[in-house]
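Subject: Structure for your review

Dear colleague,

Please find below the structure I mentioned, with its sequence. My notes on what was found in it follow.

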Amino acid sequence: MSHSPTLNGRSSFDRAQKVERDADSTNSAAKEKEYEVGLEPEDDPQELALFRRWLAVITISSSSLCATCASSAASFTTTAVSERFGVGREVAVLSISLFVGGLGVGPLLAGPISEVYGRTIVYRVSFALFFTLNFPVAFAPNIAVYLIFRFITGFCGAAFLSVAGGSISDMFPNAKVGTPMAVYTISPFLGPEVGPLFSGFINQNISWRWTYHVLIIWSFVQTVALMFFVPETYIPVILKWKAQRLRKSTGDQRYWAPLEKAGISLGRAIIVSCYKPFELILFDRMAFLIDLWDSLILGILYLTFEAFPVIFQEKHGFNMQMTGLTFLGIGLGLLIGLATTPYWNGRYRRHVIEHGDPPPEFRLIMGQVGGILVSVSLYWLAFTTYKHVHWIVPIIASVPFGTGTYFVYTSSFTYLVVAYRPIAASAMASNSAMRSSFAAAFPLFAVQMYHTMGTVGATVLLAGLTTIAVPLPFVFYRIGGRLRANSRFAVA
């Protein structure tokens, strides 16, 4: 009992010290907060002049077009490459498959790097490498060098499949991002249709190597444009640069940006980027089935680069340059799909006004239309590949395939980003990885399948596979909310 006054006094003293420490900590935190840099209007990418933002969108989209165009441009080089290097046609077709494989793997690395160092450095370095490393492809002394550098250039060009969407969403508010995003979204799918257009003329008249000379020239122009016309748009990096400038100009080292204190480990970010997409595919049925649907359609799109020569060269007697022009049908279909963007945007705005923000499944309505168009187009194409049917009819039949493809991808990409918002980058990476694996594999068996089954049987088989997938967007539209509620990845 005699010690209790002393204990009580010590306890009061300790409490007073704790209060004082807490007060000092609060004051220190408040003082530190004063030196946190903020986003001013002149730093905000959404405050850039509209012309400047659209110039960046066009530059990014044309760079994506160039990178994906390089995948299919090789389709008309296969005969000359197999003769030049003394290999079979199947080995030469690997130039398409390996490039697309690189496009699928690249986003796993490009995404995490952009979150630490910014988007522009990824664009500039990757496209400078894409430009430089196309030289070994164009001047390859043997098949090994040719194929290895086709994979590497595909890997370098992949940044525009993972990072570019983020740049565009950085520059436009949600209410106005629809149209620029639609312009960007079409570029990776229009690119493969552009490749055969010029590649057919080149390989018909001059050396196959000029296919890659043209790509080198184009990629150089794009590299310069990326240097001058695309600003940094990733706000955490913009704030980091601002803090660095203030520390340098004022000599006061207390200025800081949130990214500098976030403690982001690039190595850990890359590891997560590599395993999270595959975890999503393995453990989320909805993401897996949507990815499978997208992959089947892209696989068929890349299969056409080997199938159209069978249909039009062998049955209708077209030469290379004429066969290259047959891809205009799919390209026209993609552009028609793009032209419908105002309709879909208006439909979304009306729903918001009348009923409030719709659930993610609202985005699948476009996919419902697209899935039907893809299947109908393939059946139409299948039964018009007979020699006695005029060659213009199968080209017209391919137009709905292009439109349907655009609808399917715009719908599923938007749905994945909205439904899996916390891990949107991983959701898109899982989609890209699976799509690329199908696109890499399908050209390898296209010619054999069309020769064995005939043009009608082979195309009907593909149409049948897409028909099986047609109910997916209808089913997810009805039960998607329930599936999301039970998913450990999607938002409820």
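Which side chain meets that of Asp43 in a salt bridge? The partner is Lys242, with a distance of 3.0 Å from N to O. Please bear in mind throughout that this is a predicted model.

**Salt bridges**

The pair of Asp43 and Lys242 links distant parts of the chain, 199 residues apart. Asp43 lies in the loop between helix 1 (4–34) and helix 2, while Lys242 belongs to helix 12 (residues 235–250). Asp43 has a relative accessible area of 15%, and the cut-off for a buried residue is under 20%, so Asp43 is buried. Lys242 also counts as buried, at 14% relative accessibility.

A search of the whole structure finds five salt bridges, and two others deserve a description here. Arg488 and Glu279 meet through their side chains, at 3.7 Å from N to O. Because Arg488 lies in the segment after helix 23 (471–486) and Glu279 in helix 14 (residues 266–283), this salt bridge ties together parts that are 209 residues apart in sequence. Arg488 is exposed, with a relative accessible area of 57%, whereas Glu279 counts as buried at 18%.

Glu361 forms a salt bridge with Arg484, and the closest N and O atoms are 2.8 Å apart. Glu361 lies in the loop between helix 18 (341–355) and helix 19 (364–382) and Arg484 in helix 23, so parts that are 123 residues apart in sequence are tied together by the pair. Glu361 is buried, with a relative accessible area of 3%, and Arg484 counts as buried at 7% relative accessibility.

**Helix 12**

The helix that holds Lys242 may be considered next. Helix 12 has 16 residues and reaches 22 Å from its first C-alpha to its last. That span is close to the 22 Å expected at 1.5 Å a residue. The buried residues of helix 12 are Val237, Ile238, Leu239, Lys242, Ala243 and Arg247. An α-helix has 3.6 residues a turn, so residues three or four places apart point the same way. Against which helices do the buried residues of helix 12 pack? They pack against helix 5 (107–117) and helix 13 (258–261). Just after helix 12, Gly251 takes a positive phi of about 80 degrees.

**Helices 3 and 4**

Helix 3 (residues 78–85) and helix 4 (residues 89–105) pack with their axes 8 Å apart, at an angle of about 125 degrees. That angle makes helix 3 oblique to helix 4. The crossing in which helix 3 passes helix 4 is right-handed. On the side of helix 3, the contact is made by Thr78, Thr79, Val81 and Ser82; helix 4 contributes Arg89, Ala92 and Val93.

**Ser72**

One residue of helix 2 (residues 50–73) is Ser72. Is Ser72 buried or exposed? Its relative accessible area is 0%, so Ser72 is buried. Leaving aside residues up to four places away in sequence, Ser72 touches Gly191, Pro192, Gly195, Pro196 and Phe305.

With kind regards

Methods. Residues numbered from 1 in each chain as written. Predicted model: local features only at pLDDT ≥ 70, side-chain atom pairs only at ≥ 80, totals over all residues. Heavy atoms only, no water. Helix = DSSP H or I, 4+ residues; strand = E, 2+ residues; numbered from the N terminus. Buried < 20%, exposed > 50% of the residue type's maximum accessible area, 1.4 Å probe, protein only. Contact = heavy atoms within 4.5 Å. Salt bridge = Lys/Arg side-chain N within 4 Å of Asp/Glu carboxyl O. Expected span 1.5 Å × (residues − 1). Axes fitted to C-alpha atoms, helices over the stretch in contact; angles between N-to-C directions. Parallel < 35°, antiparallel > 145°, perpendicular 65-115°, else oblique. Left-handed = near helix turned anticlockwise from the far one by under 90°.
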